[in-house]
Amino acid sequence: MEVSVLIPAAGNGERLGLGPKAFLRVGGRTLLEWALAAFPEAAEVLVALPPGQSPPQGLRAAFLEGGRTRQESVARLLEAASLPLVLVHDVARPFVSQSLVERVLRATQAQGAAVPVLPVPDTLIRSEGGAYGSVLPREALRLVQTPQGFFTALLREAHAYARKRGISATDDAQLVQALGYPVALVEGERTAFKITYPEDLVLAEALARAWNGSPQAR
Ligand code: C5P
């Protein structure tokens, strides 16, 4: 697979409060190990770690120091990428199937930028002064996941543009969109959720048991 997988893993996992998520264990492996296992055929894997963190031994990846924000960490990874396509994947999403990776890659090859999304199952509202405010039309809204795929040159241009304009974003597709380039949507996966809160770990342990028992799911 002629793609560079970029894994921003330099966050401190503040909301979870258990240290950097990359080294959190679920089902006997670290989240970083789970994330790497999602890309068994990647020709290049680059991981950004928190500054001062010594890289784990024996993993099929190159490590570099992350930045102060996710965006800065991805920008550093992007500088080091040597292949024409990149997949950017948050270390906090351990359960990514092979079919999700293939969907994102196919759409990226065809359209230059692609992200997995999910419909929003709940009613969505604005909280207005702590009270039930206006209802947002959930049919038009989507939850955005990773891995996100891009032509490497396009994502580099988007990051350079964002730096120049002072744009900061929580994912990479936003930067590509800010540059005026369309981002294709592919079907995401509910199991590819982001481990954010302590109760997510309970779910993750259960999923890890299911996935460890059926490697073909990957
Ligand atoms: O904080 P959030 O959940 O949005 O982080 C998303 C991803 O970005 C995580 O994988 C985290 O490790 C990474 N990150 C990073 N460098 C930072 C902050 C977050 O690589 N400075």
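Trainee: What makes the approach between the ligand and the backbone of Arg68 a polar contact?

Mentor: A nitrogen atom of the ligand lies 3.2 Å from a polar backbone atom of Arg68. A polar contact is a pair of N or O atoms within 3.5 Å; within protein, one atom must be able to donate a hydrogen and the other to accept it, and residues adjacent in sequence count only if both atoms are side-chain atoms. The pair at Arg68 therefore qualifies. The model is predicted, so local features need pLDDT of at least 70 and side-chain atom pairs pLDDT 80 or more, while totals for chains, interfaces and linings use all residues. Residues are numbered from 1 along each chain as its sequence is written, and side-chain values use heavy atoms, without hydrogens and water.

Trainee: Which protein atoms lie 2.9 Å and 3.0 Å from oxygen atoms of the ligand?

Mentor: A polar backbone atom of Gly11 is 2.9 Å from an oxygen atom of the ligand. A polar side-chain atom of Lys194 is 3.0 Å from a ligand oxygen. The ligand taken alone exposes 460 Å², and the protein buries 81% of that (Shrake-Rupley method, 1.4 Å probe; for residues, only the protein chains shown count as cover).

Trainee: How many residues surround the ligand, and which are the closest?

Mentor: There are 15, with Pro8, Ala10, Gly11, Gly67 and Ser73 the closest. A residue is near a molecule or strand if one of its heavy atoms lies within 4 Å of it.

Trainee: Why is Ser97 called buried or exposed?

Mentor: Buried means under 20% relative accessible area, exposed over 50%, and partly exposed in between, with a 1.4 Å probe and protein chains only. Ser97 is at 5%, so Ser97 counts as buried. Its side chain makes a polar contact of 2.4 Å with the side chain of Glu189. A polar atom of the Ser97 side chain also lies 3.1 Å from the backbone nitrogen of Leu100.

Trainee: Where does Ser97 lie?

Mentor: Ser97 is in the loop between strand 6 (85-88) and helix 3 (98-111). Helices (H or I, at least four residues) and strands (E, at least two) are DSSP runs, numbered from the N terminus. Arg93 is placed in the loop between strand 6 and helix 3.

Trainee: How do you know whether Arg93 is buried or exposed?

Mentor: Its relative accessible area is 8%, so Arg93 is buried. Arg93 and Lys194 are 101 residues apart in sequence, yet 4.7 Å apart in space, C-alpha to C-alpha.
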